[in-house]
Protein chains: 2
Amino acid sequence: MRFVVALGGNALIKHGEKGSYSQQLRNAEATAKQIASLARKHRVVLTHGNGPQVGDLLLDEPDMPLHVLVAQSQGEIGYLLQDVLGDNRVKAATIVTRVEVSKRDPAFRRPTKPIGPFYKRKPTKFRSIEDAGRGYRRVVPSPNPLYIHESDAILSLMSKGIVPIACGGGGIPVSNGSGLNAVIDKDLAAELLARTVKAKRLVILTDVPCVYANYGTDIQEPVDYLSVKDARRWLRAGAFAEGSMKPKVEAAARFAEHGGKTIICALNDLTKALKGKAGTVIE
Amino acid sequence: MRFVVALGGNALIKHGEKGSYSQQLRNAEATAKQIASLARKHRVVLTHGNGPQVGDLLLDEPDMPLHVLVAQSQGEIGYLLQDVLGDNRVKAATIVTRVEVSKRDPAFRRPTKPIGPFYKRKPTKFRSIEDAGRGYRRVVPSPNPLYIHESDAILSLMSKGIVPIACGGGGIPVSNGSGLNAVIDKDLAAELLARTVKAKRLVILTDVPCVYANYGTDIQEPVDYLSVKDARRWLRAGAFAEGSMKPKVEAAARFAEHGGKTIICALNDLTKALKGKAGTVIE
């Protein structure tokens with residue numbers, strides 16, 4: 001069977017960590033073991049977030065366009081994942097991936113995705129929003145992914161039994177041959193990737209054990225199964241946090257509408273979740 | 001026929017340029033056209049230097065290990081090359097590439113490769129050399145490339161008619177699964193790549209039109225053909241500049257010793273050189 005596995009940004013840099021390379025390597029080890037064990041039995045394509053890494057690059061290279069920083073982060077994180085999978089005797093290779101978006105996507109009129117550091121004063125160089133009490137933060141458009149430019153390359157590796165690492169950070173956003181300063185949601189890109197490689201399963205690894213009903217309230221309850229109808233209803237009701245659980249459930253709903261099955265689970269529960277003993281299934 | 005084409009660092013950032021992304025894109029355009037025209041008739045693998053880009057990254061991210069910066073530069077430059085080749089209707093995809101070296105390589109006892117910026121005072125954090133009058137510069141080992149970890153992925157793309165962009169910046173130097181703070185010479189890596197993909201031709205694009213006899217003297221003379229015997233003799237006599245023409249001729253000599261033919265020519269002479277009307281042939 002074909003799987004797409006999506007690693008959250010926290011897979012490599014935990015909240016509060018500085019994220020040195022050796023720390024990222026250590027953080028990746030346990031997850032790599034579980035992915036390797038899956039890849040020995042099935043065809044796997046791996047994708048990943050890049051939030052903390054691209055945040056660091058934004059600080060270090062303020063003059064470089066955001067789409068180039070995404071490309072750099074794909075090189076950096078892809079290398080690390082190739083490395084840890086290789087340690088587990090799984091051949092993997094990173095494909096630098098561009099994802100087409102539309103310049104007419106409404107996201108370009110209304111940038112909503114906060115990236116990078118917090119600023120005390122309102123920055124003048126770019127659009128920003130105020131984050132309650134913590135300062136200002138740059139916001140960029142988060143357009144919908146339309147297609148993957150390097151799909152042939154990804155499929156070619158897959159057919160040779162190599163684990164492609166692709167669409168890192170949601171992919172480099174391009175439109176008609178030009179890079180754009182935007183960030184594609186990595187869960188929505190993972191869903192597009194899953195359809196592109198004709199995967200039957202999408203596994204979204206994150207920092208919570210599953211989807212919750214009434215998350216963050218006194219009556220919070222874990223959900224082990226969600227029908228696509230309920231997922232859509234909850235999404236409409238605004239039940240999930242923006243930029244966190246919402247895009248994951250949206251990705252799962254889209255994938256279900258195309259006949260796929262999604263598992264959302266904690267980073268270290270991959271093996272358990274595949275046996276139905278952890279996480280939330282959406283189909 | 002199979003070709004490996006190696007782009008010099010100057011292909012994207014000319015001497016004295018700041019190297020903004022749009023400037024790098026413009027610089028790449030003419031070369032991309034010629035590579036695209038070759039790729040429409042033959043199987044091509046593309047590789048490239050990263051000197052100026054990794055120099056910038058060293059300044060921006062002083063705490064990041066050098067091998068990770070090489071990985072970032074592969075993402076950045078690979079993305080750009082995919083982009084300009086795509087503009088010329090050639091499908092290309094970058095493979096983040098690790099190249100094995102030996103920790104016992106004599107280069108680790110005697111680092112010689114200068115990288116990054118010039119410093120007025122002798123830096124204390126890393127080994128440096130004094131560059132006549134211009135200050136101090138960090139030096140790192142430049143070990144011999146032994147094999148390419150991602151060779152299967154590169155061959156797989158090639159077999160599907162996709163131009164692999166691989167071994168950027170000489171490849172990420174690793175030994176027994178660990179990244180090393182070293183820089184592999186990109187011409188020697190290109191030669192290893194050429195043998196790995198069973199190429200018949202290695203084309204090294206650089207900023208001079210050809211190999212010269214007595215380069216930089218009053219009796220300097222262009223050489224259009226060099227036998228491997230003469231190449232070896234001149235190399236022994238120290239006729240070529242370190243880190244410049246020397247590794248190119250060394251790569252060509254090695255490739256000739258394995259039955260291959262190398263062309264060394266100027267960046268914009270690729271098409272002419274393939275017709276035998278420019279550059280130096282070594283075989």
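These are my notebook entries on what I looked up in this structure.

**Entry 1: the model and its two chains**

I noted at the start that this is a predicted model. I began with how chain A and chain B are related. A rotation of 180° superposes chain A on chain B, with 0.0 Å of shift along the axis. The RMSD of that superposition is 0.0 Å. That is the relation of a two-fold axis.

Next I looked at the interface. Which surface does each copy use to meet the other? I found that 100% of the interface residues of chain A are also interface residues in chain B, so the copies meet through the same surface.

**Entry 2: the open sheet in chain A**

I then traced a sheet in chain A. It is open, has 3 strands and follows the order S5-S7-S6, with antiparallel pairing. Which strands stand at the edges? They are S5 (113-119) and S6 (128-131) of chain A. Each has a single partner strand, so one side of each is left without a neighbour in the sheet. From one strand to the next, the twist averages 35°.

I wrote down a general point here. Strands of a sheet pair through backbone hydrogen bonds, either parallel or antiparallel.

I went on to one pair in detail. S6(A) is joined by 4 bridges to strand S7 of chain A, residues 135-140, and the two run antiparallel. I picked out Ser128(A) and looked for its bridge partner in S7(A), which is Arg138(A).

I also checked what lies across this sheet. Helix H2 of chain A, residues 51-60, lies across S5 and S7 of chain A. Helix H2 runs at about 55° to S5(A).

**Entry 3: the open sheet in chain B**

I turned to chain B. There, 3 strands form an open sheet in the order S5-S7-S6, and the pairing is antiparallel. Strand S5 (113-119) and strand S6 (128-131) of chain B are the edge strands, and each pairs on one side only. Direction ignored, neighbouring strands of this sheet are turned by 35° against each other on average.

I looked at the bridges in chain B as well. S6(B) and strand S7 of chain B, residues 135-140, run antiparallel and are joined by 4 bridges. In S7(B), Arg137(B) is the bridge partner of Ile129(B).

**Entry 4: a parallel pair in chain A**

I wanted a parallel example too. Strand S1 of chain A, residues 2-7, pairs with S2(A) in the parallel sense over 6 bridges. Phe3(A) stands opposite Val44(A) in S2(A).

Is strand S2 of chain A, residues 43-48, largely enclosed or largely open? I found 5 of its 6 residues buried, so S2(A) is largely enclosed by the rest of the structure.

**Entry 5: the nonpolar core**

I looked up the largest nonpolar core, which has 91 residues. Which residues touch the most other members? They are Val249(A), Val4(B) and Val249(B).

I followed Val249(A) further. I left aside its neighbours within four places in sequence. Its contacts are then Val211(A), Leu226(A), Ala231(A), Leu235(A), Phe240(A) and Ile264(A).

**Entry 6: cysteines**

How many disulfides does a search of the whole structure find? It finds 0 over all chains. I checked Cys167(B), which is in no disulfide; the nearest cysteine sulfur is that of Cys265(B), 20 Å away. Cys167(B) counts as buried, at 0% relative accessibility.

Cys265(B) is in no disulfide either; its nearest cysteine sulfur belongs to Cys210(B), 9.7 Å away. Cys265(B) also counts as buried, at 0% relative accessibility.

**Entry 7: three single residues of chain A**

I looked up Arg236(A) in helix H6 of chain A, residues 228-236. Is Arg236(A) buried or exposed? Arg236(A) is exposed, with a relative accessible area of 66%. Arg236(A) and Arg43(A) are 193 residues apart along the chain, and their C-alpha atoms are separated by 34 Å.

Thr206(A) came next, in strand S12 of chain A, residues 201-206. Thr206(A) counts as buried at 8% relative accessibility. Beyond its neighbours within four places in sequence, its contacts include Asn10(A), Lys248(A) and Cys265(A).

My final residue was Ser151(A), in helix H4 of chain A, residues 151-159. Its relative accessibility is 19%; buried means under 20%, so Ser151(A) counts as buried. Ser151(A) and Ala166(A) are 15 residues apart in sequence, and 9.2 Å apart in space from C-alpha to C-alpha.

Notes: Residues numbered from 1 in each chain as written. Chains lettered and ligands numbered in written order. Predicted model: local features only at pLDDT ≥ 70, side-chain atom pairs only at ≥ 80, totals over all residues. Heavy atoms only, no water. Least-squares fit on C-alpha atoms with pLDDT ≥ 70 in both. Contact = heavy atoms within 4.5 Å. Pairing = 2+ DSSP bridges. Axes fitted to C-alpha atoms, helices over the stretch in contact; angles between N-to-C directions. Core = buried A, V, L, I, M, F, W, Y, C linked by side-chain atoms within 4.5 Å. Buried < 20%, exposed > 50% of the residue type's maximum accessible area, 1.4 Å probe, protein only. Disulfide = S-S within 2.5 Å.
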